[in-house]
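Biologist: I would like a close look at a single part of this model. Please start with the strands and work outward from there.

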Amino acid sequence: MDIERNVTAVYNNTPVYHILDNLLADTSLRFVTEGSYIILQSRMTSVSGDCISGRVTDEVGLPIVGALIVDINGKQSTLTDTYGHFSIIGSDTMTLEISFLGYVPVKKSVYAGQIYNIVLQEKTWQLDEVVVIGYGSIKRKEVTSAISHLSSKDILDIHAGNPLETIQGKVAGMNISNQAPADPNSLISVQIRGASSRYAGLGPLIVIDGVPGGNLYNVNENDIESIDILKDGAASAIYGTRGSNGVVLVTTKKGATTGLVNTNYNGYLALNIINDKPEVLSRDEFLKYKRGDDYGYATDWFKELTRPAVVHSHTISLSGGNIRNNYRATVDYRHADGVDLRSDREEVGGRLSMSHRGKTDLYKFVLNVAPRTIKMNHADYVVYQSALSLNPTQPVKNPKDPTGKTYFKTVGFGSVNPVEALKLDLNGQEVKYLDWDITGILDLSALFDKEGEHNLNTQITVAQQINDSFTYYFRPSYSTELSESENKKGFARRQYSKNIQQSLEWLGNYSYTTDFHQFRFVGGYSYQYFQNSGLYAENYNFTSDALTYNNLGDGTWYKNIVTDQAGFNSWKNDSKLIAFFGRASYDYKQRYLFTASLRYEGSSKFGTNHKWGYFPAVSAGWRISEESFMKDIGWINDLKLRGDFGMTGNQDFESYLSIPTMQGYGTVTYRGEQYQGWGPLSNPNPDLRWEKGVNWNIGLDFTAWDHRISGSLNYYNRKSQDLLGWYDVPAPINLHPQTFLNVGTMVNNGIEVEMNVEAVRTKDFSYSVGLVASTNGNKLKSFSNDQYEAKEYQRMVRLTSPNIDDDIQELREGQRIGNFYTYAYAGVDENGGWLVWNKDNKEKIPFSQAKDEDKRIVGNGLPRFTASLNNTFRYKNFDATIYFRGVFGFDIYNIHNCYYGVQGVSENVLKAAYKKNAHITGGNIPCDYFIEPGDYIKLDVVTLGYTLKFASKWFDTLRFYLTGRNLATITKFSGVDPQSYPINGLTPGATADRGYYPSTIQLLAGVQFHF
């Protein structure tokens, strides 16, 4: 080393390894890192023939820290440092094996005196991958229940409002539905393994970073490390009364421990283009068929309501630290317009994660904080109903107003000027979220165990979630919808609500590990408190429109009338959950696996006779591939048979339904003065308890052919007992004719398949296929029990005027939910009038003579089969995804064809009324003529990306990508996008709402920048 050499250089905010690479480039020196030390070494060491060095990176060029390098013919080994560098002493020629968790191991012949760049490819199979379970985590090969695991790389590049929408169709048995994805404020529906209740909630429990009851609308998809879905009873029973509908565990990304500061930017720009505009009669066709008066204009109402919808989002994250102290901070901004004239969504959020570990590893603290503000202008789906029915010869603006400011008062059945509604009315919401949690961990292992066989720690987590919501609505005095109704001039309302969730959880973890045995135990205590409060007020007739919804006291409507309506309301309710739980697991030689858990939980919602309940679970697994008789079957890498049983609960219903409550009843006159009356609101039920889920599951996990094929099969059965509902009870024995009771049974069963095939795997090119499929069988076993007896059926989905006042679906004992129960179409008479079949199916009768007894089951709206196919390609720096998704075996009641597809309705209609439905001249009726197959296959997502890798001190990687969403739909359904109809809940395939939101194709361009 030339100690006389002087070098002058100026660097600002440059990683130290870039500085040293530059300074040592023309010297005989190189550097390596050991912990927090930088060690200079002579390059001549390798030239002398006994040292090999190099760098290990992933496929995009990022260093892999801690990769293991082993001389397979000797005893030498080492780990890569913070920058992926390594050096190892050996002979002139040697063979190294380079491995790292989650990557394909590489064997490479090397020669002394050379420097190697080694690239590891990510595994598509990962037996040692960590899977998050309730109150802990295990390796994938140790799983004994039905759990689906998705990493951040499995998330689709579609960037939706809720992160779960980015995995739509990727989990067998998990239905994620958004009936209006182009509406920026539309909420998703999530259902795991079918509907399990009539009145309690149907959605899964959300757990974020170990805190139950999380809010996914406060999570940016770029912050997600993994998503684990607990689908069966054994996995979710540890969450007791909230486990019946499954559990979704979200783990967010944490700070880096490499000593470097990592910065990432993710941004995209998207455009939504309408692709399902219904075909209604044009002005000329409207007049040709003499549908109504001619006002002299040609208005395309659908076009008048729409606009280009642009979405853009920006996320920047900063991560750094070391194994002792690390942090990750994210800030994101997103703005999305809807395709209608009013709706939009603007949100700003952040997430901060900090971790501190003591010098002796005795203690650790973890802090997570996530604030977010959202401003929304809501869409009005009714305006698109108006666009279907309004007379196209009517103008948008009032032609008699020379200023052009006022709108035309539209005429027709239930008509409203939809353009006026969107442009004049204010209908919005402002939401503020604040989630935080702090965890303290005490590791006692070092104090009691010097051999490393025992592990003992305890932790306490305190968390709080606060959701503030302010909603408002204002219609000005000059609106045509108010100016001619009840002398009301202007209307405004506002509502404020606040939801608080507080939790405390104390866990203890113990494990014992030897060569053949592994025992683990977790036990804990959980406390959660929920509080909901709010205030609502409204008024009419304001002195001025200038203050909109901000001066409700100025309105005179409620001052001038004597009415029971107060114009305002307020509320507050709360509930508590307390639980004690434990889980023990044992495995022998990683071959025989056993797990058992028990949760003892109480809820303030339950009646005095059933405040507490037990929720046990057991599961077992047999890794057949570890048996001696399997060793000669080389094409099987891993094969595991598992089975489980668990009992879960559902307490997702309102507070205070088990106890007597009171409310005001009119007024009472006493001694010449009037007083507010006060009396009981509901019947008490001391026996009210949770809905009970009895679950069992049999599964098979496998990997084969050098890990190129991996997957799982499951058969499940879930029996939901003691279903909650309102039932008729005798009065006056009871104060009210109905009581909220536990009565009824429902069963769901099905088969689930998840499979990944790595079809091609070379240095420059790879192609993998992911298949997900599931079936769902459902039966409502009973509405009654020994004590309470109800009707054998419940009618659902009531269609209303014009012309109709009837239900089209029903729940019936012994039947699958979603049955369409209505009249059977039998053709038309000589005048085009409706004919239906009588109850014996032998006689065609006019619809006017049909009776309720002539109805029958004519279809079902609950899908029997769902599937998706994901194709992933990589060629050098290019990557591509082609994703198909389908729903099969269900029917849809075409609500728009029913109300606007026949000639005998008022105003405008669909062109189908004079084409495929031309033989029908009467009005609309409820019958199976409007029931169509709903099956569809979507080319859901196509993505093409390119990654640039930089040998620069400033930048690491830059990825550009283009994504198309909802590009094509193959279906026999003749209406709007079949995705616009519900497939979850108790009324799948049917809706009474004629309003809807247009479906769109989304074109998106994005960038991911790592520096």
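How many bridges join strand β44 to β45, and in which sense do the two strands run?

Modeller: This is a predicted model. Three bridges join β44, residues 825-828, to β45. The two strands run antiparallel. One pair can be named: glycine 827 has leucine 835 of β45 as its bridge partner. Together β44 and β45 make a hairpin, with five residues between them. Glycine 832 sits in that turn, and its phi is positive, about 80 degrees.

Now the sheet. Four strands form an open sheet in the order β41-β42-β43-β47. The pairing is antiparallel. The edges are β41 (793-799) and β47 (856-860). Each of these has a single partner strand, so one side of each lacks a neighbour in the sheet. From one strand to the next, the twist averages 35 degrees.

Inside this sheet, take β42 and β43. Strand β42 covers residues 806-812, and β43 covers residues 819-822. Two bridges pair them in the antiparallel sense. Across this pairing, glutamine 809 stands opposite phenylalanine 820 of β43.

Next, the core. The largest nonpolar core has 72 residues. Tyr384, Leu799, Trp834, Tyr893 and Phe930 touch the most other members. Several elements give two or more residues to this core, and β45 (834-837) of the hairpin is one of them. Strands β41 and β42 of the open sheet are also on that list, as is β50 (891-893). The helices on it are α5 (301-305), α6 (382-389), α7 (418-424) and α11 (895-900).

Tyrosine 384 deserves a closer look. Leaving out residues up to four places away in sequence, tyrosine 384 touches Phe302, Leu305, Thr306, Val339 and Asp340, along with Tyr996, Tyr997 and Pro998. There is also a second, separate core of 24 residues. Its members include Val219, Ile229, Val248 and Val250.

Asparagine 220 comes next. This residue lies in the loop between β16 (211-212) and β17 (224-230). Asparagine 220 counts as buried, because its relative accessibility is 7%, and the cut-off for buried is under 20%. Its side chain reaches the backbone nitrogen of asparagine 222 at 2.8 Å. Beyond its neighbours within four places in sequence, asparagine 220 is in contact with Thr315, Asp332 and Arg372.

Lysine 559 gives a contrasting case. Helix α10, residues 557-560, holds lysine 559. Lysine 559 is exposed, at a relative accessible area of 57%. Tyrosine 540 is 19 residues from lysine 559 in sequence. In space, the two are 9.9 Å apart, C-alpha to C-alpha.

Last, the cysteines. The structure holds zero disulfides. Cysteine 898 is in no disulfide, and the nearest cysteine sulfur, that of cysteine 927, is 7.6 Å away. A disulfide here needs sulfur atoms within 2.5 Å. Cysteine 898 is buried, with a relative accessible area of 0%. Cysteine 927 is in no disulfide either, and its nearest cysteine sulfur is that of cysteine 898. Cysteine 927 is buried too, also with a relative accessible area of 0%.

Conventions:
Residues are numbered from 1 along each chain as its sequence is written. This is a predicted model: local features need pLDDT of at least 70, side-chain atom pairs count only at pLDDT 80 or more; totals for chains, interfaces and linings use all residues. Side-chain values use heavy atoms; hydrogens and water are left out. Two strands pair if DSSP finds at least two bridges between them. Axes are lines fitted to C-alpha atoms, for helices over the stretch in contact, and angles run from 0 to 180 degrees between N-to-C directions. A nonpolar core is a set of buried Ala, Val, Leu, Ile, Met, Phe, Trp, Tyr and Cys residues joined through side-chain atoms within 4.5 Å. Buried means under 20% relative accessible area, exposed over 50%, partly exposed in between (1.4 Å probe, protein chains only). Contact means heavy atoms within 4.5 Å. A polar contact is a pair of N or O atoms within 3.5 Å; within protein, one must be able to donate a hydrogen and the other to accept it, and residues adjacent in sequence count only if both atoms are side-chain atoms.
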